[in-house]
Amino acid sequence: MKILKWTIIVLASILIFWLVVAFFVSGDCKYEKSISINAPVEKVWQNTNTLKAMDQWSPWNDLDPNMKKDWTGTTGQTGEKVCWESKKEEAGKGCQEVKKVDQTNKRIDTEIVFLTPYKSEANAYVTVVPEGKGSKATWGFTSTIPYPFTVMKLFMNLEEAIGKDYQEGLTRLKNLSEKQ
């Protein structure tokens, strides 16, 4: 009986500690990566201003070239949406929808909902600005980790987790834009 009592006390203490630490860790996440492109802003913008354009350089298409995609809405307008479904767990299932397209400031904002392998949401964006004789493209996202899972942020390294994919996508965008 004593062992059970001490086991419950230890587990309860761990849980309380977890909840207290989680209270002090912000759930806000932000990640972005940029690349310099030797092409005019308008040319780079053409490769980033719609979901279909971004699909041309998405590194995640490599996860499953046979992934099923369903496109709806007007290309390049608020409401353009792509939903994907893959039999491969790494690619999973989800949807991405355009929330705002700012032609003047060359920024597109989207909402991504991942349904599998685990449910989560993020707000992604791509911006294109002049840089010297070329352009600078920035691709990023913001998200919120719900309490009490905020503790996981202490063990996460977004650069390690997705930095390689973002770099690959931006390199593809650079190559595509500079060839046109």
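This briefing covers a sheet, a helix packed on it, and a disulfide. The model is predicted. Its sheet is open and has 7 strands. The structure holds 1 disulfide.

**The sheet**
- The strand order is β1-β7-β6-β5-β4-β3-β2, and the pairing is antiparallel.
- β1 (28-37) and β2 (68-72) stand at the edges with a single partner strand each, so one side of each has no neighbour in the sheet.
- On average, neighbouring strands are turned by 15° against each other, direction ignored.
- Helix α4 (residues 158-179) packs on this sheet and touches β1 and β7 (134-144).
- The direction of α4 makes about 30° with that of β1.

**Strand β1**
- 10 bridges join β1 to β7, and the two run antiparallel.
- One bridge pairs S36 with K136 in β7.
- In a regular strand, side chains alternate between the two faces of the sheet.
- The covered face of β1 has C29, Y31, K33, I35 and I37.
- The uncovered face has D28, K30, E32, S34 and S36.
- C29 has 10% relative accessibility, under the 20% cut-off, so C29 counts as buried.

**Strands β3 and β4, and the disulfide**
- β3 (residues 81-85) and β4 (residues 93-102) run antiparallel, joined by 5 bridges.
- E85 has K93 of β4 as its bridge partner.
- A disulfide joins C83 to C95, with an S to S distance of 2.1 Å.
- C83 lies in β3 and C95 in β4, so the pair ties together parts 12 residues apart in sequence.
- The torsion about the S-S bond is about 105°, so this disulfide is right-handed.
- C83 is partly exposed, with a relative accessible area of 22%.
- C95 is buried, with a relative accessible area of 18%.

Key: Residues are numbered from 1 along each chain as its sequence is written. This is a predicted model: local features need pLDDT of at least 70, side-chain atom pairs count only at pLDDT 80 or more; totals for chains, interfaces and linings use all residues. Side-chain values use heavy atoms; hydrogens and water are left out. Two strands pair if DSSP finds at least two bridges between them. Helices (H or I, at least four residues) and strands (E, at least two) are DSSP runs, numbered from the N terminus. Axes are lines fitted to C-alpha atoms, for helices over the stretch in contact, and angles run from 0 to 180 degrees between N-to-C directions. Contact means heavy atoms within 4.5 Å. Buried means under 20% relative accessible area, exposed over 50%, partly exposed in between (1.4 Å probe, protein chains only). A disulfide is a pair of cysteine sulfur atoms within 2.5 Å.
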